Amino acid sequence: MINHYLLLVKKQRRSFCINISIRASHFTASSVTESEEISENQDDLDSFSSLIIQRKDLLRQSLSHSSGTGLHVLDLINRGSLEPDKTLYHMLLKRCTQFKRLKEGQIVHKHLLNSPFKNDLVMQNTILNMYAKCRSLDQARNVFDEMRIRDVVTWTVLISGYSQHDQPKNALLLFPEMLRQGFKPNQFTLSSLLMASEMGHVDSHGKQLHALCLKYGYSSNLYVGSALSDLYARYGHMEDAHFIFDGMAAKNEVSWNSLIAGHARIGNEEHVFNLFSEMLRENIQPTQFSCRVLLSVCANIGSLERGKWVHAFIIKLGAQHVDFVGSTLLSMYAKCGSIEDAKKIFNELIKLDVGSWNSMLAGYAQHGLGRRTLKKFKQMLRIGIAPNDITFLWVLTACSHAGLLVEGQHYFKLMRKYKVEPQISHYVPIVDLLGRAGHLDRAKKFIGEMQIAPTVAVWGALLGACRMHKNMELGTYAAECIFELDSYDSGTNMLLYNIYVSAGRWGDAAKVRKMMSRMRVKKEPACSWVELRNSVHVFVADDFAHPQHEQIRKMWEKINEKIKEIGYIPGTSSAHLFVDELEREEKLEYHSEKLALAFALVNTPPGSAIHINKNIRVCGDCHSAFKFVSMVVGRSIIVRDIKRFHHFRDGWCSCGDYW
């Protein structure tokens with residue numbers, strides 16, 4: 001049962017009193033519907049000698065649109081059936097605030113100005129709060145400026161309103177005036193100011209606010225301490241965040257979440273899981289936010305084992321949590337290589353919004369399932385979900401990853417129909433599509449006709465296509481355009497180097513290397529990793545530091561012999577060295593992904609799928625070798641590189657050798 005506030009009105013005495021009938025521990029906003037608020041089946045309350053106005057009818061519309069105020073309760077006051085009462089006004093404003101009913105709140109405010117309570121400080125603060133919570137900050141400021149008397153609540157309400165609704169500058173500018181007028185901030189003032197400071201820069205405002213928190217004795221307060229810790233964590237100052245956290249007298253889920261999220265932002269994945277475990281030991285109930293952070297971390301590092309553990313934990317928390325993190329859960333499975341599990345989550349979601357559809361489209365696109373992506377997109381349009389810029393990004397990416405040139409051009413033009421303005425991220429897949437299809441001149445022309453200035457990513461797509469088709473002239477031009485934008489881009493230098501090497505122009509390749517050395521441009525070291533029983537095993541090329549290096553080496557030599565017997569020929573062009581063919585072939589044997597594959601073959605049961613992550617694109621030789629390995633061992637091999645997924649099975653790759 002829901003609590004009902006009963007307003008008992010007796011016309012004969014014209015007095016107003018409130019009878020509160022408590023039948024439940026709390027009243028939830030979700031249990032009240034719009035139809036309950038505007039009841040059309042009740043008799044005219046004026047027809048009774050005693051009136052009962054239930055809480056759900058407080059915002060009931062006027063029965064007469066021509067002579068009414070807009071609200072029936074206020075009409076009763078105007079007709080003398082009710083005496084104006086502070087409690088009634090307070091309840092009306094609270095109701096408007098709760099349901100974000102700005103129009104009705106304005107009606108109550110206007111009526112209150114003609115009542116004896118128009119200058120009452122509590123009433124004015126309630127009005128101010130209503131406008132702030134309803135996002136009408138200009139009206140809130142007008143109320144604030146017209147108030148003859150203010151207290152700390154007045155200042156805090158407006159500061160909180162600015163802070164919570166993306167106007168941090170106004171919140172921070174208001175605070176010095178508050179201090180000049182002799183008001184001391186409380187815990188809510190300071191926590192709101194710290195929230196506003198998070199949107200600026202920790203060094204400009206945060207440290208000054210931290211000093212004030214110490215001055216007023218709030219640094220160890222639960223709300224202020226949590227906000228301080230979160231502020232430092234947001235900017236990567238984790239030592240300071242931990243210092244604040246450790247000094248707090250009490251901690252709640254918000255305090256823990258700020259630290260967990262802070263470590264997630266800077267890539268400290270182990271700290272994230274260690275803190276989460278410690279949070280559980282302290283009997284702090286994880287929130288939906290906690291679970292989303294953990295799932296995002298699992299997705300970023302491709303940790304399927306841990307992702308499944310988090311999923312199981314969420315199920316224990318209840319169905320409501322599963323629904324809330326649905327899209328994040330879907331994204332985790334897709335980014336960890338389990339697209340079928342992602343599909344199951346999508347099909348089980350109760351509420352499918354554009355975010356859910358985008359997550360599913362992203363999963364299909366990253367796994368190279370271009371046709372399935374387009375089929376899903378058409379289904380999305382049929383049921384009336386309007387696509388946004390993210391939707392089209394993944395549709396175009398899917399076309400790029402699958403070589404669907406005609407379809408990609410069609411959907412790029414379709415963006416206009418849905419009033420989605422193309423961004424750089426939408427231009428890149430089209431340049432990539434045209435270039436990989438061999439239409440290099442068209443790709444260059446397309447770049448020249450772009451509505452916005454091309455970036456490194458756009459020219460990089462053309463440069464990659466030039467490498468594929470061995471077009472040195474256009475490739476050099478694209479590289480020069482990139483160097484004008486970013487002369488320290490290591491990826492561009494390596495692509496240009498590879499173009500020269502592929503053409504046998506070793507002298508030009510050497511010049512690129514010398515230029516990189518002179519400018520101290522370093523290529524990111526390639527590494528691959530495999531997760532096994534909650535441990536991550538990382539490998540780099542020619543690295544035998546792993547405790548099992550002898551078993552790994554013997555396993556790869558054994559597999560290498562077998563795949564050569566069925567047709568594998570090492571692609572020595574992937575070993576760009578000034579050495580003979582035999583030495584190049586030997587260098588290829590111990591690329592990081594091959595070592596990771598050998599490790600997985602040694603340590604996982606026969607028939608199970610192998611998951612490998614790589615920090616750069618998989619090389620051409622390893623890609624070729626993995627297709628043969630999948631035939632020899634009879635297992636699925638799933639490789640996630642920096643751009644996409646490759647599913648190797650029975651001598652075939654999901655990318656169709658188009659990557």
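This short talk covers one sheet, the helix lying across it, and two examples of helix packing. Please keep in mind that this is a predicted model.

I'll start with the sheet. It is open and has six strands, in the order β5-β4-β6-β7-β8-β9, with mixed pairing. At the edges are β5, residues 535–540, and β9, residues 652–653; each has a single partner strand, so one side of each has no neighbour in the sheet.

Let me go through the pairings from the β5 edge. β4, residues 527–532, pairs with β5 in the antiparallel sense, over six bridges. One bridge you can look up is Cys-527, whose partner in β5 is Val-540. β4 also pairs with β6, again antiparallel, but here over two bridges. On that side, Trp-529 stands opposite Asn-613 in β6.

Next is β6 to β7. These two strands run parallel and are joined by four bridges. Asn-613 appears here too: its bridge partner in β7 is Arg-640. As for burial, β6 is mostly covered, with four of its five residues buried.

What lies across β6, β7, β8 and β9? That is helix α33, residues 620–633. For reference, β6 is 610–614, β7 is 637–640 and β8 is 645–649. The helix runs at about 35° to β8.

Now to the helices, beginning with α25, residues 440–448. Which of its residues are buried? They are Leu-440, Ala-443, Phe-446 and Ile-447. Viewed down the axis of α25, the buried residues fall within an arc of 120°, so they line one face of the helix. As general background, an α-helix has 3.6 residues a turn, so residues three or four places apart point the same way. On the other side of α25, Asp-441, Lys-445 and Gly-448 are exposed. The buried residues pack against four helices: α23 (405–414), α24 (424–436), α26 (456–468) and α27 (472–485).

The last item is a helix pair, α7 and α8, covering residues 152–164 and 168–180. They pack at an angle of about 160°, and their axes are 7 Å apart. That angle makes α7 roughly antiparallel to α8. The crossing of α7 past α8 is left-handed. On the α7 side, the contacts come from Val-152, Trp-155, Leu-158, Ile-159, Tyr-162 and Ser-163. The residues they meet in α8 include Pro-168, Ala-171, Leu-174, Phe-175 and Met-178. Asn-170 and Glu-177 of α8 are also among them.

Note on methods
Residues numbered from 1 in each chain as written. Predicted model: local features only at pLDDT ≥ 70, side-chain atom pairs only at ≥ 80, totals over all residues. Heavy atoms only, no water. Pairing = 2+ DSSP bridges. Contact = heavy atoms within 4.5 Å. Axes fitted to C-alpha atoms, helices over the stretch in contact; angles between N-to-C directions. Buried < 20%, exposed > 50% of the residue type's maximum accessible area, 1.4 Å probe, protein only. Arc of directions from axis to C-beta. Parallel < 35°, antiparallel > 145°, perpendicular 65-115°, else oblique. Left-handed = near helix turned anticlockwise from the far one by under 90°.
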